[in-house]
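Open the structure in your viewer and keep the selection panel at hand. We will go from the whole chain to single side chains, one stop at a time.

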Amino acid sequence: MENRSELNMDNDEVWMTHALRQAEEAFDQGEVPVGAVLVINHKIVAKGHNQVEQLKDPTAHAEVLAITSACSYLGAKYLPNATLFVTVEPCHMCAGALYWSKLNRVVYGTADVKNGYRNFCGTNNPFHPKTAVIGGILADECAKLMKDFFKARR
(Lines give C-alpha, C1' and ligand atoms only; values in the text may rest on other atoms or scores of the structure.)
Protein backbone atom coordinates (compact mmCIF):
# COMPACT_ATOMS: atom_id res chain seq x y z
CA MET A 1 0.00 0.00 0.00
CA GLU A 2 1.29 3.47 -0.80
CA ASN A 3 1.96 6.09 1.81
CA ARG A 4 -1.04 8.42 2.09
CA SER A 5 1.21 11.47 2.37
CA GLU A 6 2.50 10.78 -1.15
CA LEU A 7 -0.97 11.01 -2.68
CA ASN A 8 -3.19 13.85 -3.77
CA MET A 9 -5.64 13.32 -0.93
CA ASP A 10 -8.01 16.05 -2.08
CA ASN A 11 -8.73 14.31 -5.37
CA ASP A 12 -8.97 10.89 -3.78
CA GLU A 13 -11.38 12.20 -1.17
CA VAL A 14 -13.54 13.90 -3.82
CA TRP A 15 -13.85 10.69 -5.84
CA MET A 16 -14.44 8.62 -2.71
CA THR A 17 -17.34 10.94 -1.87
CA HIS A 18 -18.92 9.88 -5.17
CA ALA A 19 -18.38 6.23 -4.24
CA LEU A 20 -20.02 6.93 -0.86
CA ARG A 21 -23.09 8.23 -2.69
CA GLN A 22 -23.29 4.92 -4.51
CA ALA A 23 -22.96 3.08 -1.18
CA GLU A 24 -25.79 5.17 0.26
CA GLU A 25 -27.93 4.16 -2.72
CA ALA A 26 -27.21 0.50 -1.93
CA PHE A 27 -28.06 1.13 1.73
CA ASP A 28 -31.41 2.66 0.74
CA GLN A 29 -32.17 -0.41 -1.40
CA GLY A 30 -31.41 -2.84 1.42
CA GLU A 31 -28.11 -3.94 -0.10
CA VAL A 32 -24.81 -4.12 1.78
CA PRO A 33 -23.64 -0.51 1.34
CA VAL A 34 -20.63 -0.74 -0.90
CA GLY A 35 -20.24 1.78 -3.70
CA ALA A 36 -17.69 2.26 -6.45
CA VAL A 37 -16.80 4.77 -9.15
CA LEU A 38 -14.29 4.24 -11.93
CA VAL A 39 -12.38 7.35 -12.97
CA ILE A 40 -10.33 8.02 -16.09
CA ASN A 41 -8.82 11.42 -16.85
CA HIS A 42 -10.68 13.10 -13.98
CA LYS A 43 -14.05 11.83 -15.22
CA ILE A 44 -16.35 9.16 -13.81
CA VAL A 45 -16.85 6.67 -16.63
CA ALA A 46 -18.71 4.07 -14.57
CA LYS A 47 -20.27 3.58 -11.18
CA GLY A 48 -21.87 0.78 -9.25
CA HIS A 49 -23.20 -0.32 -5.93
CA ASN A 50 -23.92 -3.75 -4.54
CA GLN A 51 -26.96 -5.35 -6.17
CA VAL A 52 -26.62 -8.91 -4.90
CA GLU A 53 -30.16 -9.03 -3.46
CA GLN A 54 -31.83 -7.17 -6.33
CA LEU A 55 -30.22 -9.26 -9.06
CA LYS A 56 -30.11 -12.50 -7.04
CA ASP A 57 -26.47 -12.75 -8.09
CA PRO A 58 -23.60 -13.28 -5.63
CA THR A 59 -21.18 -11.66 -8.10
CA ALA A 60 -23.13 -8.38 -8.32
CA HIS A 61 -20.63 -6.47 -6.19
CA ALA A 62 -20.04 -2.75 -6.70
CA GLU A 63 -16.57 -3.27 -8.13
CA VAL A 64 -17.61 -5.92 -10.65
CA LEU A 65 -20.59 -3.86 -11.82
CA ALA A 66 -18.42 -0.75 -12.25
CA ILE A 67 -15.78 -2.69 -14.20
CA THR A 68 -18.40 -4.27 -16.45
CA SER A 69 -20.02 -0.91 -17.08
CA ALA A 70 -16.68 0.79 -17.86
CA CYS A 71 -15.54 -1.95 -20.22
CA SER A 72 -18.86 -1.83 -22.04
CA TYR A 73 -18.80 1.98 -22.26
CA LEU A 74 -15.19 2.11 -23.45
CA GLY A 75 -15.29 -1.01 -25.64
CA ALA A 76 -12.19 -2.35 -23.88
CA LYS A 77 -11.37 -5.32 -21.69
CA TYR A 78 -8.46 -3.68 -19.87
CA LEU A 79 -8.50 -0.40 -17.93
CA PRO A 80 -4.82 0.57 -17.49
CA ASN A 81 -5.54 4.30 -17.16
CA ALA A 82 -8.36 3.92 -14.64
CA THR A 83 -8.67 4.31 -10.91
CA LEU A 84 -11.40 2.47 -9.05
CA PHE A 85 -12.64 4.12 -5.86
CA VAL A 86 -14.56 1.70 -3.63
CA THR A 87 -15.86 2.33 -0.13
CA VAL A 88 -14.79 -1.03 1.34
CA GLU A 89 -11.67 -3.13 0.82
CA PRO A 90 -12.40 -5.46 -2.11
CA CYS A 91 -13.16 -9.10 -1.38
CA HIS A 92 -11.11 -11.91 -2.88
CA MET A 93 -13.53 -12.32 -5.82
CA CYS A 94 -13.41 -8.61 -6.64
CA ALA A 95 -9.62 -8.57 -6.28
CA GLY A 96 -9.50 -11.19 -9.03
CA ALA A 97 -11.72 -9.11 -11.29
CA LEU A 98 -9.58 -6.06 -10.55
CA TYR A 99 -6.44 -8.04 -11.39
CA TRP A 100 -7.79 -8.96 -14.82
CA SER A 101 -8.92 -5.38 -15.46
CA LYS A 102 -5.30 -4.19 -15.15
CA LEU A 103 -6.32 -0.99 -13.39
CA ASN A 104 -3.80 1.74 -12.69
CA ARG A 105 -5.01 2.26 -9.10
CA VAL A 106 -7.46 0.80 -6.60
CA VAL A 107 -8.43 3.19 -3.82
CA TYR A 108 -10.61 1.93 -0.99
CA GLY A 109 -12.15 3.46 2.09
CA THR A 110 -12.44 1.15 5.06
CA ALA A 111 -10.77 -2.19 5.67
CA ASP A 112 -12.84 -5.37 5.75
CA VAL A 113 -11.09 -7.67 8.22
CA LYS A 114 -13.64 -10.46 7.72
CA ASN A 115 -14.11 -10.58 3.94
CA GLY A 116 -11.42 -8.30 2.49
CA TYR A 117 -8.76 -9.60 0.13
CA ARG A 118 -6.07 -9.24 2.82
CA ASN A 119 -7.87 -11.82 4.96
CA PHE A 120 -7.39 -14.36 2.16
CA CYS A 121 -4.14 -13.19 0.60
CA GLY A 122 -2.21 -11.94 3.61
CA THR A 123 0.83 -10.05 2.40
CA ASN A 124 0.52 -11.44 -1.14
CA ASN A 125 -0.67 -8.85 -3.63
CA PRO A 126 -3.70 -10.18 -5.56
CA PHE A 127 -3.74 -7.20 -7.93
CA HIS A 128 -1.92 -6.69 -11.20
CA PRO A 129 1.76 -5.85 -10.55
CA LYS A 130 1.32 -2.38 -12.06
CA THR A 131 -1.74 -1.58 -9.92
CA ALA A 132 -1.19 0.76 -6.97
CA VAL A 133 -3.43 0.02 -3.98
CA ILE A 134 -4.33 2.74 -1.49
CA GLY A 135 -6.53 2.24 1.56
CA GLY A 136 -8.00 4.43 4.25
CA ILE A 137 -9.53 7.22 2.17
CA LEU A 138 -12.56 8.57 4.10
CA ALA A 139 -12.31 5.36 6.13
CA ASP A 140 -14.43 6.64 9.04
CA GLU A 141 -17.31 7.67 6.79
CA CYS A 142 -17.19 4.40 4.87
CA ALA A 143 -17.03 2.32 8.05
CA LYS A 144 -19.92 4.23 9.66
CA LEU A 145 -22.23 3.43 6.75
CA MET A 146 -21.42 -0.29 7.04
CA LYS A 147 -21.87 -0.26 10.82
CA ASP A 148 -25.19 1.58 10.56
CA PHE A 149 -26.42 -0.92 7.97
CA PHE A 150 -25.65 -4.01 10.03
CA LYS A 151 -26.77 -2.41 13.29
CA ALA A 152 -30.21 -1.75 11.77
CA ARG A 153 -30.52 -5.43 10.79
CA ARG A 154 -29.73 -6.91 14.20
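The tour below begins with the overall fold and then visits strands, salt bridges and loops.

**Stop 1: the whole chain**

Please keep in mind that this is a predicted model. Show the protein chain as a cartoon and colour by secondary structure: there are six helices and five strands. Walking along the sequence, you will meet them in the order α-β-β-α-α-β-α-β-α-β-α. The radius of gyration is 14 Å, close to the 15 Å that the globule rule gives for 154 residues, so the chain is as compact as a globular protein of that length. If you draw a box along the principal axes, the C-alpha atoms fill roughly 40 × 35 × 30 Å.

Now switch on a surface. The chain exposes about 8,200 Å², and carbon and sulfur atoms supply 51% of that area. Of the 154 residues, 49% are buried. Among contacts between residues at least 6 apart in sequence, 62% join residues at least 24 apart.

**Stop 2: strand S3 and its neighbours**

Hide the surface and select residues 83-88, which form strand S3. Is this strand enclosed or open? Six of its six residues are buried, so S3 is largely enclosed by the rest of the structure.

Add residues 35-40 to see strand S1, which runs antiparallel to S3 and is joined to it by four bridges. Then add residues 105-110, strand S4, which pairs with S3 in the parallel sense over five bridges.

Phe85 is a handy residue to label here. Val37 stands opposite Phe85 on one side, and in S4 the bridge partner of Phe85 is Val107.

Next, bring in residues 92-101, helix H4. Together, S3, H4 and S4 make a right-handed β-α-β unit, so named by following the path from the first strand over the helix to the second, which runs clockwise when the strands point away from the viewer.

**Stop 3: the salt bridges**

How many salt bridges does the model contain? The count comes to three, and each deserves a zoom.

Select Asp12 and Arg105 as sticks. They form a salt bridge, with the closest N and O atoms 2.9 Å apart. Asp12 lies in helix H1 (residues 9-28) and Arg105 in strand S4, so the pair ties together parts that are 93 residues apart in sequence. Both Asp12 and Arg105 are buried.

Move on to Glu89 and Arg118, whose side chains meet in a salt bridge at 2.9 Å, N to O. This pair also links distant parts of the chain: Glu89 sits in the loop between S3 and H4, while Arg118 belongs to helix H5 (residues 117-121), 29 residues apart. Glu89 has a relative accessibility of 3% and counts as buried, whereas Arg118, with a relative accessible area of 33%, is partly exposed.

Finally, select Lys144 and Asp148. Their closest N and O atoms are 2.7 Å apart, and the two form a salt bridge. Both are in helix H6, and because they are four residues apart, about one helical turn separates them. Asp148 is partly exposed, with a relative accessible area of 32%.

**Stop 4: two loop residues with positive phi**

Go to Lys102, in the loop between H4 and S4. What is notable about its backbone? Lys102 has a positive phi of about 60° although it is not a glycine. With 29% relative accessibility, Lys102 counts as partly exposed.

Then jump to Leu138, in the loop between strand S5 (132-134) and helix H6 (139-152). Leu138 also is not a glycine, yet has a positive phi, of about 50°. Is Leu138 buried or exposed? Its relative accessibility is 15%, so Leu138 counts as buried.

**Stop 5: Gln51 and its contacts**

The last selection is Gln51, placed in the loop between strand S2 (43-49) and helix H2 (52-55). At 19% relative accessibility, Gln51 counts as buried, because the cut-off for that class is under 20%. Which residues does Gln51 touch, leaving out those up to four places away in sequence? Show Glu31, Lys56, Ala60 and Leu65 as sticks, and you have these contacts of Gln51 in view.

Note on methods. Residues are numbered from 1 along each chain as its sequence is written. This is a predicted model: local features need pLDDT of at least 70, side-chain atom pairs count only at pLDDT 80 or more; totals for chains, interfaces and linings use all residues. Side-chain values use heavy atoms; hydrogens and water are left out. Buried means under 20% relative accessible area, exposed over 50%, partly exposed in between (1.4 Å probe, protein chains only). Two strands pair if DSSP finds at least two bridges between them. The radius of gyration is taken over C-alpha atoms; the globule rule is 2.2 Å times the number of residues to the power 0.38. Contact means heavy atoms within 4.5 Å. Accessible areas come from the Shrake-Rupley method with a 1.4 Å probe; for residues, only the protein chains shown count as cover. A salt bridge is a side-chain nitrogen of Lys or Arg within 4 Å of a carboxyl oxygen of Asp or Glu.
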